[in-house]
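Hi,

Here is the structure I said I'd pass on. Have a look at it first, and my notes follow underneath.

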Amino acid sequence: MEGNYGILMGGKEIGTVKVTRQGLYYGFDCRCDLSGEVICRLTVTCGTKTHNLGIPVPEGGAFKLRTRLPVKQLGEGQPQFQAQPNHRPVEGQFVPISPEEPFGYLSRLQDAFLEFRDGVPGVVILDQEGLT
């Protein structure tokens, strides 16, 4: 399993992983080119087993992750590395944020999260009742 592998996201290669054997563990040194607008989680699949490697963080102009997994936890075969958005599909309404305009949904922020869509910051409000 030792070697260099690509990290795929939506069928496109967005980074690389260097896998090394470290005693009873495999070490994973991951480097990704991500926008930073959406938090992504890296996974590795060997055979029928998939394991979460974690979330890469910004470091030196790229997103990086260094971690280890026990050799016995991974399945047999060629590893495949994937990056996936770290959130479940959201049923909510996107409300753009503009510094020039008042934000009328302050009372709804406990059921919301920040998201960027096409470079525009906004809030996705999960509970849609009362939105106009």
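Eight strands make up an open sheet with mixed pairing, in the order β5-β4-β8-β1-β2-β3-β7-β6. The edges are taken by β5 (49–54) and β6 (57–59); each has a single partner strand, so one side of each has no neighbour in the sheet. From one strand to the next, the twist averages 30 degrees.

At the β5 end, β4 and β5 run antiparallel to each other and pair over five bridges. Cys46 sits opposite Lys49 of β5 there.

Now for the core. The largest nonpolar one has 20 residues, and those touching the most other members are Ile7, Phe28, Cys30, Leu42, Leu53 and Phe81. Two or more residues each come from β1 (3–9), β2 (12–22), β3, β4 (40–46), β7 (62–70) and β8 (80–85). The biggest share is from β3, which puts in four residues. This fits the usual pattern: nonpolar side chains tend to be buried together in soluble globular proteins.

If you want one residue to click on, try Cys30. Leaving out anything up to four places away in sequence, Cys30 is in contact with Ile7, Thr16, Val17, Leu42, Leu53, Phe63, Lys64 and Leu65.

On confidence, keep in mind that this is a predicted model. The protein chain has a mean pLDDT of 86, with 92% of its residues at 70 or more. Strand β3 (residues 25–32) has the highest mean, 96, while strand β10 (residues 112–117) has the lowest, 78. As ever, predicted coordinates should not be read in detail where pLDDT is low.

Cheers

Methods
Residues numbered from 1 in each chain as written. Predicted model: local features only at pLDDT ≥ 70, side-chain atom pairs only at ≥ 80, totals over all residues. Heavy atoms only, no water. pLDDT = per-residue confidence, 0-100. Core = buried A, V, L, I, M, F, W, Y, C linked by side-chain atoms within 4.5 Å. Buried < 20%, exposed > 50% of the residue type's maximum accessible area, 1.4 Å probe, protein only. Contact = heavy atoms within 4.5 Å. Pairing = 2+ DSSP bridges. Axes fitted to C-alpha atoms, helices over the stretch in contact; angles between N-to-C directions.
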